[in-house]
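User: Could you walk me through this structure, starting from the basics?

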Amino acid sequence: MKMDNKPKAAEVKIKTMSLGTVVCRFDLPMIFVDHINKAYDNAKDLPAHNKELAGKIEDEFLVNDILTDEIKGTFMDCFRQYLQQAQKPFWHCSLENAWINDMKAGEYNPLHYHSNVTTDLGLSSVLMLKRPESYGVEQSRKEDPSNGWLELAGGQQDPLSVSQLRADVKVGEFYVFPYTMLHGVYPFNGPGIRRTLSYNCNLYKDAVVRQQMDKNAKK
(Lines give C-alpha, C1' and ligand atoms only; values in the text may rest on other atoms or scores of the structure.)
Protein backbone atom coordinates (compact mmCIF):
# COMPACT_ATOMS: atom_id res chain seq x y z
CA MET A 1 0.00 0.00 0.00
CA LYS A 2 1.38 3.40 -1.00
CA MET A 3 1.56 5.80 1.92
CA ASP A 4 0.78 9.48 1.55
CA ASN A 5 3.79 11.29 3.06
CA LYS A 6 2.44 14.80 2.67
CA PRO A 7 2.26 16.73 5.98
CA LYS A 8 -1.26 17.16 7.27
CA ALA A 9 -2.45 20.02 9.44
CA ALA A 10 -4.50 17.58 11.54
CA GLU A 11 -1.26 16.25 13.06
CA VAL A 12 -0.36 19.64 14.55
CA LYS A 13 -0.43 20.04 18.34
CA ILE A 14 -0.60 23.37 20.12
CA LYS A 15 0.48 24.85 23.45
CA THR A 16 -0.56 28.37 24.41
CA MET A 17 1.49 30.73 26.61
CA SER A 18 0.85 34.31 27.68
CA LEU A 19 3.12 37.33 28.05
CA GLY A 20 0.21 39.71 28.22
CA THR A 21 0.26 39.20 24.46
CA VAL A 22 -0.49 35.63 23.36
CA VAL A 23 2.36 33.38 22.20
CA CYS A 24 1.50 30.00 20.70
CA ARG A 25 3.82 27.03 20.30
CA PHE A 26 2.81 24.45 17.72
CA ASP A 27 4.48 21.03 17.58
CA LEU A 28 4.77 20.18 13.88
CA PRO A 29 5.39 16.60 12.66
CA MET A 30 8.94 15.63 11.72
CA ILE A 31 7.88 14.69 8.19
CA PHE A 32 6.88 18.34 7.73
CA VAL A 33 10.32 19.49 8.94
CA ASP A 34 12.06 16.91 6.72
CA HIS A 35 10.20 18.15 3.62
CA ILE A 36 11.40 21.71 4.22
CA ASN A 37 14.99 20.71 5.02
CA LYS A 38 15.21 18.55 1.88
CA ALA A 39 13.79 21.30 -0.34
CA TYR A 40 16.21 23.83 1.15
CA ASP A 41 19.27 21.58 0.88
CA ASN A 42 18.47 20.84 -2.79
CA ALA A 43 17.71 24.46 -3.71
CA LYS A 44 20.11 26.58 -5.74
CA ASP A 45 20.47 30.36 -6.15
CA LEU A 46 18.03 31.31 -3.40
CA PRO A 47 17.69 35.09 -2.98
CA ALA A 48 19.77 36.48 -0.11
CA HIS A 49 17.62 38.23 2.49
CA ASN A 50 20.27 39.69 4.82
CA LYS A 51 19.65 43.34 3.94
CA GLU A 52 16.00 43.04 4.99
CA LEU A 53 16.70 41.38 8.35
CA ALA A 54 18.13 42.36 11.74
CA GLY A 55 20.25 39.24 12.17
CA LYS A 56 24.03 39.19 12.27
CA ILE A 57 23.93 36.00 10.23
CA GLU A 58 25.75 35.22 6.97
CA ASP A 59 23.28 32.72 5.48
CA GLU A 60 19.74 34.13 5.34
CA PHE A 61 17.67 33.27 2.26
CA LEU A 62 14.12 33.75 1.00
CA VAL A 63 12.36 30.40 0.55
CA ASN A 64 8.89 31.36 -0.71
CA ASP A 65 9.41 29.47 -3.98
CA ILE A 66 10.51 26.15 -2.47
CA LEU A 67 7.50 25.73 -0.15
CA THR A 68 4.66 23.62 -1.52
CA ASP A 69 1.03 24.70 -1.37
CA GLU A 70 0.43 22.00 1.25
CA ILE A 71 3.22 23.35 3.46
CA LYS A 72 2.01 26.93 3.04
CA GLY A 73 -1.50 25.73 3.93
CA THR A 74 -0.25 24.24 7.19
CA PHE A 75 1.46 27.50 8.12
CA MET A 76 -1.75 29.37 7.30
CA ASP A 77 -3.73 27.00 9.52
CA CYS A 78 -1.33 27.70 12.40
CA PHE A 79 -1.72 31.46 12.00
CA ARG A 80 -5.51 31.13 11.98
CA GLN A 81 -5.39 28.91 15.06
CA TYR A 82 -3.28 31.59 16.76
CA LEU A 83 -6.03 34.14 16.11
CA GLN A 84 -8.58 31.74 17.59
CA GLN A 85 -6.44 31.32 20.71
CA ALA A 86 -6.03 35.10 20.96
CA GLN A 87 -9.81 35.49 20.58
CA LYS A 88 -9.29 37.67 17.48
CA PRO A 89 -10.56 35.40 14.67
CA PHE A 90 -11.92 38.27 12.58
CA TRP A 91 -8.55 39.35 11.12
CA HIS A 92 -7.80 38.35 7.52
CA CYS A 93 -4.51 36.43 7.14
CA SER A 94 -2.17 36.98 4.20
CA LEU A 95 1.11 35.04 4.02
CA GLU A 96 4.05 37.34 3.33
CA ASN A 97 7.75 36.32 3.11
CA ALA A 98 9.32 33.13 4.44
CA TRP A 99 13.07 32.82 4.97
CA ILE A 100 15.60 30.43 6.49
CA ASN A 101 18.50 31.38 8.78
CA ASP A 102 21.49 29.06 9.04
CA MET A 103 23.15 30.36 12.20
CA LYS A 104 26.73 29.36 12.97
CA ALA A 105 28.90 29.83 16.07
CA GLY A 106 29.31 33.50 16.98
CA GLU A 107 26.33 34.67 14.90
CA TYR A 108 23.17 35.98 16.56
CA ASN A 109 19.85 37.75 16.11
CA PRO A 110 19.55 40.95 18.21
CA LEU A 111 16.23 41.89 19.78
CA HIS A 112 13.98 43.25 17.04
CA TYR A 113 10.41 43.36 15.81
CA HIS A 114 8.80 42.89 12.38
CA SER A 115 6.91 45.35 10.20
CA ASN A 116 5.40 45.64 6.74
CA VAL A 117 4.76 48.54 4.35
CA THR A 118 1.06 47.69 3.90
CA THR A 119 0.00 47.03 7.50
CA ASP A 120 1.22 47.64 11.04
CA LEU A 121 -0.35 44.40 12.23
CA GLY A 122 0.84 40.87 11.60
CA LEU A 123 2.23 37.64 13.00
CA SER A 124 5.89 36.66 13.25
CA SER A 125 7.03 33.07 13.64
CA VAL A 126 10.01 30.79 14.22
CA LEU A 127 10.20 27.09 13.26
CA MET A 128 13.25 25.08 14.37
CA LEU A 129 14.45 22.92 11.46
CA LYS A 130 17.88 21.80 12.67
CA ARG A 131 20.12 22.42 15.67
CA PRO A 132 23.61 21.45 16.87
CA GLU A 133 24.12 18.63 19.34
CA SER A 134 25.46 21.29 21.71
CA TYR A 135 25.40 25.08 21.85
CA GLY A 136 28.80 25.01 23.54
CA VAL A 137 30.04 25.91 26.99
CA GLU A 138 28.20 28.61 28.95
CA GLN A 139 30.77 31.16 30.13
CA SER A 140 29.07 31.50 33.53
CA ARG A 141 25.94 30.39 35.42
CA LYS A 142 25.67 27.05 33.66
CA GLU A 143 22.45 26.40 35.60
CA ASP A 144 20.79 29.24 33.66
CA PRO A 145 21.75 28.64 30.00
CA SER A 146 21.08 30.99 27.10
CA ASN A 147 23.46 29.94 24.29
CA GLY A 148 21.38 29.55 21.12
CA TRP A 149 18.08 30.13 22.92
CA LEU A 150 15.16 32.16 21.58
CA GLU A 151 14.20 35.20 23.64
CA LEU A 152 10.72 36.78 23.54
CA ALA A 153 10.25 40.08 25.40
CA GLY A 154 6.94 41.73 26.13
CA GLY A 155 4.39 42.64 28.76
CA GLN A 156 4.78 44.84 31.78
CA GLN A 157 7.66 44.84 34.22
CA ASP A 158 5.61 44.69 37.42
CA PRO A 159 6.33 41.83 39.89
CA LEU A 160 3.31 39.74 38.86
CA SER A 161 3.69 40.03 35.09
CA VAL A 162 5.58 37.78 32.69
CA SER A 163 7.95 40.09 30.85
CA GLN A 164 10.14 37.60 28.95
CA LEU A 165 10.24 34.03 27.72
CA ARG A 166 13.52 32.28 26.98
CA ALA A 167 13.07 29.00 25.11
CA ASP A 168 15.45 26.17 24.20
CA VAL A 169 13.51 25.51 20.99
CA LYS A 170 13.42 21.90 19.81
CA VAL A 171 13.24 20.71 16.21
CA GLY A 172 9.62 20.84 15.02
CA GLU A 173 8.52 23.53 17.47
CA PHE A 174 6.86 26.52 15.79
CA TYR A 175 6.41 29.73 17.78
CA VAL A 176 3.88 32.37 16.63
CA PHE A 177 3.59 35.89 18.08
CA PRO A 178 2.70 39.43 16.91
CA TYR A 179 4.98 41.56 14.73
CA THR A 180 5.35 44.03 17.60
CA MET A 181 6.84 41.55 20.09
CA LEU A 182 10.58 41.95 20.54
CA HIS A 183 12.46 38.72 19.91
CA GLY A 184 16.02 37.58 19.30
CA VAL A 185 18.43 34.64 19.50
CA TYR A 186 21.58 34.43 21.62
CA PRO A 187 24.87 33.36 20.00
CA PHE A 188 26.39 29.96 20.67
CA ASN A 189 29.96 28.65 20.51
CA GLY A 190 29.62 25.00 19.54
CA PRO A 191 30.02 23.38 16.10
CA GLY A 192 27.11 22.82 13.73
CA ILE A 193 24.17 24.77 12.30
CA ARG A 194 21.11 26.20 14.03
CA ARG A 195 18.55 26.34 11.20
CA THR A 196 15.22 28.12 11.57
CA LEU A 197 12.45 29.19 9.24
CA SER A 198 10.53 32.41 9.85
CA TYR A 199 7.26 33.23 8.13
CA ASN A 200 5.52 36.60 8.24
CA CYS A 201 1.73 36.78 8.07
CA ASN A 202 0.08 40.16 7.48
CA LEU A 203 -3.28 40.86 9.11
CA TYR A 204 -5.97 43.05 7.56
CA LYS A 205 -9.48 44.08 8.50
CA ASP A 206 -12.20 42.57 6.32
CA ALA A 207 -13.29 46.03 5.20
CA VAL A 208 -9.83 46.69 3.75
CA VAL A 209 -9.82 43.34 1.96
CA ARG A 210 -13.27 43.94 0.46
CA GLN A 211 -12.23 47.42 -0.65
CA GLN A 212 -9.20 46.04 -2.47
CA MET A 213 -11.27 43.29 -4.09
CA ASP A 214 -13.75 45.90 -5.35
CA LYS A 215 -10.91 47.95 -6.84
CA ASN A 216 -9.51 44.89 -8.61
CA ALA A 217 -12.94 43.97 -9.97
CA LYS A 218 -13.32 47.44 -11.53
CA LYS A 219 -10.02 47.25 -13.43
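Here are a few questions and answers about its core and its rings.

Analyst: Happy to help! This is a predicted model, in which local features need pLDDT of at least 70, side-chain atom pairs count only at pLDDT 80 or more, and totals for chains, interfaces and linings use all residues. Residues are numbered from 1 along each chain as its sequence is written, and side-chain values use heavy atoms, leaving out hydrogens and water.

User: Which element supplies the largest share of the largest nonpolar core?

Analyst: A nonpolar core is a set of buried Ala, Val, Leu, Ile, Met, Phe, Trp, Tyr and Cys residues joined through side-chain atoms within 4.5 Å, where buried means under 20% relative accessible area with a 1.4 Å probe, protein chains only. The largest one has 32 residues, and Phe75 and Phe79 are among those touching the most other members. Helices (H or I, at least four residues) and strands (E, at least two) are DSSP runs, numbered from the N terminus. Seven residues, the largest share, come from α2.

User: How many aromatic pairs does the structure hold?

Analyst: Rings of Phe, Tyr and Trp (its six-membered ring) pair if their centres lie within 6.5 Å; planes under 30 degrees apart count as stacked, over 60 as edge-to-face and the rest as tilted. Tyrosine 135 and phenylalanine 188 make a tilted pair, 5.3 Å centre to centre with 50° between the planes. Ring pairs also link Phe26, Phe32, Phe75, Phe79, Phe174 and Tyr199 into a cluster. The number of aromatic pairs is eight.

User: Is histidine 114 buried or exposed?

Analyst: Histidine 114 is found in the loop between β5 (109–112) and β6. Its relative accessible area is 10%, so histidine 114 is buried.

Terms used. Buried means under 20% relative accessible area, exposed over 50%, partly exposed in between (1.4 Å probe, protein chains only).
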